[in-house]
Amino acid sequence: TAPPTADEAMEALGVPGYVRDALRAPPGYVRDAAGYVRDAARAPAPPPPARKKYKKRRQAPSTPKFPAKLFELVSRHADVISWENGCLVVRDPARLTAELMPRYFTVTTETPKFQ
């Protein structure tokens, strides 16, 4: 047996005849996505699919934070890291990598290394 037509299904569901007539599009007409009946010959082409919008990445802050953080690190923890004769001297590499680097900087590698 063939499946019921749309009219037969609506009749079986008890949809009134005037509603069925209103839902039926005349020959040569089509029903668009919004439910409006349009002349098929004059129906506009469907709009192209919407493009996905991507959020712009945030730009780096305009003020450099690294020198300020490094200055704070050196001035507060002279027992671990210090300036001597224009050079940065690391006195305790284990404490610097385990305790201070994660506190002051975003560490992207597994373990920062000093050689």
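**Notebook: His-77, the hairpin and the core**

I started with the side chain of His-77, which makes a polar contact with the side chain of Tyr-104 at 3.3 Å. Note to self: this is a predicted model, so I am reading computed values throughout.

Where does His-77 lie? I found His-77 in the loop between helix H3 (66-76) and strand E3 (81-84). Next I asked whether His-77 counts as buried or exposed. His-77 has 10% relative accessibility, so I put it down as buried, since the cut-off for buried is under 20%. I then listed the contacts of His-77, skipping neighbours within four places in sequence: they are Arg-95, Leu-100, Arg-103 and Tyr-104. Tyr-104 is thus on my list twice, as a contact and as the polar partner.

Then I moved on to H3 itself. Which residues of H3 did I note as buried? I wrote down Leu-70, Leu-73 and Val-74. These three cover an arc of only 95° around the axis, which means they sit on the same side of H3. On the other side of H3, I noted Phe-71 and Arg-76 as exposed. I also checked what the buried residues of H3 pack against, and got E3, E4 and helix H4 (93-104).

Next came the largest nonpolar core. How many residues make it up? I have ten in all: Leu-70, Leu-73, Val-74, Val-80, Ile-81, Leu-96, Leu-100, Met-101, Tyr-104 and Phe-105. H3 and H4 are the elements that give two or more residues to this core. The largest share, four residues, comes from H4. I spotted Tyr-104 again here, as a core member as well as the polar partner of His-77.

I picked Ile-81 out of the core for a closer look. Leaving aside neighbours within four places in sequence, Ile-81 is in contact with Leu-73, Val-74, Leu-88, Val-89, Val-90 and Leu-96. Of these, Val-90 in E4 stands opposite Ile-81.

That took me to the strands. I found E3 and E4 paired in the antiparallel sense over four bridges. How many residues lie between the strands of this hairpin? I noted two. Asn-85 is in the loop between E3 and strand E4 (87-90), and its phi is near 55°, a positive value in a residue other than glycine. Last check: is Asn-85 buried or exposed? With a relative accessible area of 81%, Asn-85 goes down as exposed, because the cut-off for exposed is over 50%.

Note on methods:
Residues numbered from 1 in each chain as written. Predicted model: local features only at pLDDT ≥ 70, side-chain atom pairs only at ≥ 80, totals over all residues. Heavy atoms only, no water. Buried < 20%, exposed > 50% of the residue type's maximum accessible area, 1.4 Å probe, protein only. Polar contact = N/O pair within 3.5 Å; in protein donor to acceptor, adjacent residues only side chain to side chain. Contact = heavy atoms within 4.5 Å. Pairing = 2+ DSSP bridges. Arc of directions from axis to C-beta. Core = buried A, V, L, I, M, F, W, Y, C linked by side-chain atoms within 4.5 Å.
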